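Work through these exercises with the structure open. Each task is followed by a stepwise solution.

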Amino acid sequence: KKEARAGLNPAGPWPVQLRYETGLTGEEYVRAEAWRDARLERCPNHPHGGCSVGSHGTYGRKTPPGAKVPRWYCRESHTTISLLADCLAARLPGTLDDLEAVVVAAEGAKSQEEAANEVRRPEDDDAIELPGALRWLRRRVDLVHDVLSRVIGLIPDKLAGCAATMSAVREQAEEQPRIDGAARPGRRAAAGAARAFGLPTPRNRREESQAGPPTLDGA
């Protein structure tokens, strides 16, 4: 009954999403059509084999334009499995760079209304009104800040006392340019946790300067 209320079909297919490590930006992912190179090494429900998991085509994402996500289907577990490129945000439209830029803009603005006006594009025919833009903005800011607090908990030796904001985490990271060998596993775990939730890890300032302005366009 809970499954039915949640809009899930008990008979399947059940959706599973795994990270597809590419190291590409959203534009590079589309330009290279990197989804064609994706391979599912094993079914997450049958790690030792024995199922009939096979290709199940792709589905498109509105942003970046032309992006596709490859997926597979396991008949035995009624499961669809998709590989989401590491440049794309999970559970949200757009890329991780887009998401990070929106949150950074919100943190630096005098008010959320100011930030919402900054990141939306009034010139678009389908531009949303301010109340909708505020809901859109708050959803992303709340999600990012919530997960950053979890990431900080994973590496307290490096981020103890750090506020759960993109600005604070960036500043803390810049103050510690060298990470000793013992701390690297924790940083990798934190980065993995952030990406699992569809969140960005800090970028360097050169990458940030090359990024376009955040927008409120599509899924």
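**Exercise 1. State how much of the chain is buried, then outline its fold.**

Step 1. The model is predicted. Of its 219 residues, 37% count as buried.

Step 2. Take the secondary structure. The chain has nine helices and four strands. Read from the N terminus, the order is α-β-α-β-β-β-α-α-α-α-α-α-α.

Step 3. Turn to the contacts between residues at least 6 apart in sequence. Of these, 59% join residues at least 24 apart.

**Exercise 2. Describe how helix 3 packs on helix 5.**

Step 1. Two packed helices are described by the angle between their axes and the distance between the axes.

Step 2. Helix 3 spans residues 96–108, and its axis comes within 9 Å of the axis of helix 5. The crossing angle is roughly 100°.

Step 3. Classify the angle. Values from 65 to 115 degrees count as roughly perpendicular. Helix 3 and helix 5 are therefore roughly perpendicular to each other.

Step 4. List the residues. Helix 3 contributes Leu99, Val102, Val103, Ala106 and Glu107. Helix 5 answers with Trp136, Leu137, Arg140, Val141, Val144 and His145.

Step 5. Sort them by type. The contact of helix 3 with helix 5 has eight nonpolar residues, one polar and two charged.

**Exercise 3. Do the same for helix 4 and helix 5.**

Step 1. Helix 4 covers residues 112–119 and helix 5 covers residues 130–154. Their axes lie 9 Å apart, at an angle of about 100°.

Step 2. That angle makes helix 4 roughly perpendicular to helix 5.

Step 3. On helix 4, the contact residues are Gln112, Glu113, Ala115, Ala116, Asn117 and Val119. On helix 5, they are Leu130, Ala133, Leu134, Trp136, Leu137 and Arg138.

Step 4. The contact of helix 4 with helix 5 divides into eight nonpolar, two polar and two charged residues.

**Exercise 4. Which residues have the most contacts inside the largest nonpolar core, and which helix gives the most to this core?**

Step 1. The largest nonpolar core holds 29 residues. Val103, Leu137, Val144 and Cys162 have the most contacts inside it.

Step 2. Helix 3, helix 4, helix 5 and helix 7 (166–174) each supply at least two residues of this core. Helix 5 gives the most, with 11 residues.

Step 3. Another core lies apart from this one. That second core has 19 residues, among them Tyr20, Ala38, Ala67 and Ala90.

Step 4. Return to Cys162. Leaving out residues up to four places away in sequence, Cys162 touches Ile152, Ala168, Val169 and Gln172.

**Exercise 5. Locate the backbone features in the loops, and grade the burial of Glu33, His78 and Ser77.**

Step 1. Start with the cis bond. The peptide bond from Thr63 to Pro64 is cis, with omega near -5°. Pro64 sits in the loop between strand 2 (54–60) and strand 3.

Step 2. Go to Glu33, in the loop between helix 2 (26–32) and strand 2. Its phi is near 50°, a positive value in a residue other than glycine. Glu33 has 33% relative accessibility, so it counts as partly exposed.

Step 3. His78 is in the loop between strand 3 and strand 4. Phi of His78 is near 50°, a positive value in a non-glycine residue. At 35% relative accessibility, His78 counts as partly exposed.

Step 4. Ser77 lies in the loop between strand 3 (68–74) and strand 4 (79–85). Its relative accessibility is 19%, so Ser77 counts as buried; the cut-off is under 20%. The Ser77 side chain makes a polar contact with the Thr79 side chain (2.8 Å).

Methods
Residues numbered from 1 in each chain as written. Predicted model: local features only at pLDDT ≥ 70, side-chain atom pairs only at ≥ 80, totals over all residues. Heavy atoms only, no water. Axes fitted to C-alpha atoms, helices over the stretch in contact; angles between N-to-C directions. Parallel < 35°, antiparallel > 145°, perpendicular 65-115°, else oblique. Contact = heavy atoms within 4.5 Å. Nonpolar A, V, L, I, M, F, W, Y, C, P; charged D, E, K, R; others polar. Buried < 20%, exposed > 50% of the residue type's maximum accessible area, 1.4 Å probe, protein only. Polar contact = N/O pair within 3.5 Å; in protein donor to acceptor, adjacent residues only side chain to side chain. Core = buried A, V, L, I, M, F, W, Y, C linked by side-chain atoms within 4.5 Å.
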